[in-house]
Structures are given as structure tokens and as C-alpha cells.
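Hi,

Here is the structure I promised to pass on. Have a look, and my notes follow underneath.

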Amino acid sequence: MSSLDVLNLGCGNKHIAGAVNVDAVVSTRPDVVYDLNQRPWPLPDDRFAEVHAYDVIEHLDDVVKTMEEIHRVCRHGAIVRVTVPHFSSANTFTDPTHRHQFSSRSFHYVTGEHDLSFYTQSRFSRRASEIVFHPSLVNRVVWRLAKRYPDEYERRWAWVFPAWFLSFELEVLKPGHPESGA
């Protein structure tokens, strides 16, 4: 895979060498200066094999439309790596530019794992997801419980033992591909 097959959304100062780095802030010197809230993005369909969306989706106006644009610019089978703050993290509410809160089930709407996944036809397969905690001895124990029982953790314990962020690895499924199920 060529590094130009990689898209780094909301790169800020975390550029990926050889990737297409996109950000709205000119001073971060991205390859493409663009406001990701404006659609369609100035990127071709079916172009990328990998997308990094680290700490960016929570800043955008519409999560579903953002995921649809990611789906559009990706090839079938592309890997999409996302990090977002967990709803229990103080960072979720501290940063005034955050527009959304997320749980371990937030991306089920685009993977078809939720009853309300009819909001979009863009489909992804969830390859991995993790609730991440700030490193501490207590959090190691909580992490093990949250990893095994994420729904119970979020219903009962998230406000007592807040998480730090969520990490997702999704695979793009495009209609017409036998292995996509779409």
C-alpha cells in the first residue's frame, strides 16, 4: 500500500509522512486545507485504503454525514481508525469545540449493530473497539471489567471510574462486493 493511499483527517500537528493530511487550520500546514463540515469533501470516490480520524469526529457537526464521507472516499475493505473521547471523560466537556459524546456503541449505527442503523446506508464492519483508561493501578482492574462487559460498565460504573477515550477499527463495506454482505 502506498502512503498516498492513507488519509489523515483533522491532522493538526500530527502529520503522517506521505499520507494526505487534511485540516482546516492553515497554521498546521496540512496537505489539504479544508473544513470537513463542508460536503462533499474535495477528495475522489474509492481512493483510500486507510483513514486515520484521531480526535476529529467529535469536533464535526454531523457524525453520520462524516462517516458517509469517509465511506465514499474509501475503497471496499479500507481500514478506518477512529479515536473519540468517551462520554465519561472530563475532556469531553472541557473542550468547548467538542460537539458530540461517544459510547462503546456509538458506531453501531454504521455497522448495522443497532436497531436505528437505518439512518445511513453506508456500512462498516467493526474489527476492534476498546474503552481506554488513563494508566493507573485501579484503572487496570476497571479496564478488564469494561473490556469484558462494556454495556454494564457504561450503564453503572462510567461516572465512578471514568474512561479516557474510545478506539475503533472499522472496515469499509461497499455494495456489490461478495465479501461485504452489503
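Below is what turned up, strands first and then two side-chain spots.

A word on conventions: this is a predicted model, where local features need pLDDT of at least 70 and side-chain atom pairs count only at pLDDT 80 or more, while totals for chains, interfaces and linings use all residues. Numbering starts from 1 along each chain as its sequence is written, and side-chain values use heavy atoms, with hydrogens and water left out.

Strand β2 covers residues 20-23 (strands are DSSP runs of E, at least two residues, and helices runs of H or I, at least four, numbered from the N terminus). Val20 and Val22 point one way from β2, Asn21 and Asp23 the other, and all are buried (under 20% relative accessible area, with exposed over 50% and partly exposed in between; 1.4 Å probe, protein chains only). β2 runs parallel to β1 (residues 6-9), joined by three bridges; strands pair if DSSP finds at least two bridges between them. Asn8 has Asn21 as its bridge partner. β2 also pairs in the parallel sense with β3 (residues 32-33) over two bridges, and there Asp23 stands opposite Val33.

Arg123 sits in strand β6 (residues 123-132). What is the nearest side chain of opposite charge to this buried arginine? That is Glu68, 8.1 Å away, and Arg123 has no salt bridge (a side-chain nitrogen of Lys or Arg within 4 Å of a carboxyl oxygen of Asp or Glu). For charge, Lys and Arg count as positive and Asp and Glu as negative; His and the chain ends are not counted.

Finally, Tyr149 lies in the loop between α4 (137-148) and α5 (150-157) and is partly exposed, at 41% relative accessible area.

Cheers
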